[in-house]
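User: I should like to examine the terms used to describe a structure and the grounds for each of them. Please set each value against its criterion.

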Amino acid sequence: MQNRVMPLAGVLNFRDFGAYETEDGGRVGKGLLYRSAHFAETTPDDEAALNALGVGLVVDLRRPEEREMEPNRWPGDGVQVLTNDEGLVAPPPHEAVATGSDWSASGVDRYMIHAYETYPYEPRYVALFSGFLKGLAADARPAVIHCAAGKDRTGSLAALTLRLLGVAEDAVMADYLMTNTVSNLEARIPRMRERIHARYGAKPSDEALRRMMGVQEDYLGAYFGAIEGRFERLSDYVASVLQVSPAEQAAIKTRLVG
């Protein structure tokens with residue numbers, strides 16, 4: 001696990017999500033797929049390390065106001081950055097929790113599961129997920145996906161990509177759940193509770209915060225469940241909804257799997 005993580009001073013949860021075996025005997029390339037939280041607090045050393053990766057595409061899954069509040073310091077010129085300013089059907093799950101009245105662990109679960117169920121068909125995520133996959137088909141350089149914390153929106157797109165490449169479901173889930181370990185979750189809980197109390201007057205339990213700040217199997221299960229409820233094969237969803245053709249899907253696998 002640790003050799004996947006790039007330790008950066010100002011960036012949370014930056015890691016390689018390639019190098020997994022596929023079910024047909026191949027292996028996703030290492031150093032081609034990265035996932036992360038935002039880049040608003042990168043240090044000069046961070047930027048040098050990131051520049052050395054040779055990234056050609058960055059997909060920022062955050063909303064416009066999120067990007068304005070915490071503008072990225074990286075990447076610089078020469079890297080294609082995809083964003084989307086379309087309106088949302090619903091706010092990100094952590095905001096839905098914060099502005100709601102149910103701070104219980106089960107309440108957080110309901111908010112999170114609902115959010116994940118919207119990702120496969122919400123127009124802005126359809127556009128961004130499609131742009132990422134089409135970028136992989138067209139450009140052999142490494143690519144990065146990120147949102148605010150690099151766990152929910154990023155986790156869904158990373159999982160979709162790995163499943164499309166033929167990585168086994170248990171390995172995909174393990175990669176998704178890795179966020180709970182590498183993002184220093186337990187150490188961040190007290191500070192998050194203080195921020196929530198100061199802003200909203202609530203004092204959520206450790207378990208509620210753990211679920212809001214981390215990831216759970218049921219969350220990603222809700223994402224794929226929303227797809228599987230309409231499509232028999234993942235590739236059909238990708239072709240029909242994301243408009244990534246079978247030829248483009250084949251090109252992605254050719255570029256990324258050896």
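The exchange below takes up overall form, the sheet, and then the salt bridges.

User: What kind of model is this, and what makes the protein chain as compact as a globular protein of its length?

Analyst: This is a predicted model. The protein chain contains 13 helices and five strands. Its radius of gyration is 18 Å, and the globule rule gives 18 Å for 258 residues; the two values are close, so the chain is as compact as a globular protein of that length. Along the principal axes, the C-alpha trace spans about 50 × 45 × 35 Å.

User: What share of the residues is buried, and what surface does the protein chain expose?

Analyst: A residue is buried when its relative accessible area is under 20%, and 53% of the 258 residues are buried. The chain exposes about 11,500 Å², of which carbon and sulfur atoms supply 50%.

User: Why do strand 1 and strand 4 count as edges of the sheet?

Analyst: The five strands form an open sheet with mixed pairing, in the order 1-2-5-3-4. Strand 1 (15-16) and strand 4 (80-82) each have a single partner strand, so one side of each lacks a neighbour in the sheet.

User: How do you know that strand 1 and strand 2 pair?

Analyst: Pairing requires at least two bridges between the strands. Two bridges join strand 1 to strand 2 (residues 33-36), so the criterion is met; these strands run antiparallel. Within this arrangement, Arg15 stands opposite Arg35 in strand 2.

User: Which helices pack on the sheet, and which strands do they touch?

Analyst: Helix 5 (residues 123-138) touches strand 2, strand 3 (57-60), strand 4 and strand 5 (143-146), and its direction makes about 170 degrees with that of strand 3. Helix 6 (residues 153-165) also packs on the sheet; it touches strand 2 and strand 5, and its direction makes about 160 degrees with that of strand 2.

User: Why is the contact between Asp175 and Arg35 called a salt bridge, and what does the pair tie together?

Analyst: The cut-off is 4 Å between a side-chain nitrogen of Lys or Arg and a carboxyl oxygen of Asp or Glu. The N to O distance for Asp175 and Arg35 is 3.2 Å, so the pair qualifies. Asp175 lies in helix 7 (residues 169-177) and Arg35 in strand 2, so the pair ties together parts that are 140 residues apart in sequence. Both residues are buried.

User: What makes Arg163 buried and Glu169 exposed?

Analyst: Arg163 has a relative accessible area of 18%, which is under 20%, so Arg163 is buried. Glu169 has 53%, which is over 50%, so Glu169 counts as exposed. The two residues form a salt bridge, with their closest N and O atoms 3.8 Å apart.

User: Where does Glu228 lie, and why does Glu228 count as partly exposed?

Analyst: Glu228 has 48% relative accessibility; this falls between 20% and 50%, so Glu228 counts as partly exposed. The side chains of Arg163 and Glu228 meet in a salt bridge at 3.4 Å, N to O. Arg163 lies in helix 6 and Glu228 in helix 11 (residues 217-228), so the pair ties together parts that are 65 residues apart in sequence.

User: Which residues are joined into one network by salt bridges that share partners?

Analyst: The network consists of Arg63, Glu65, Glu66 and Arg153. A search of the whole structure finds 18 salt bridges.

Key: Residues are numbered from 1 along each chain as its sequence is written. This is a predicted model: local features need pLDDT of at least 70, side-chain atom pairs count only at pLDDT 80 or more; totals for chains, interfaces and linings use all residues. Side-chain values use heavy atoms; hydrogens and water are left out. Helices (H or I, at least four residues) and strands (E, at least two) are DSSP runs, numbered from the N terminus. Contact means heavy atoms within 4.5 Å. Axes are lines fitted to C-alpha atoms, for helices over the stretch in contact, and angles run from 0 to 180 degrees between N-to-C directions. The radius of gyration is taken over C-alpha atoms; the globule rule is 2.2 Å times the number of residues to the power 0.38. Buried means under 20% relative accessible area, exposed over 50%, partly exposed in between (1.4 Å probe, protein chains only). Accessible areas come from the Shrake-Rupley method with a 1.4 Å probe; for residues, only the protein chains shown count as cover.
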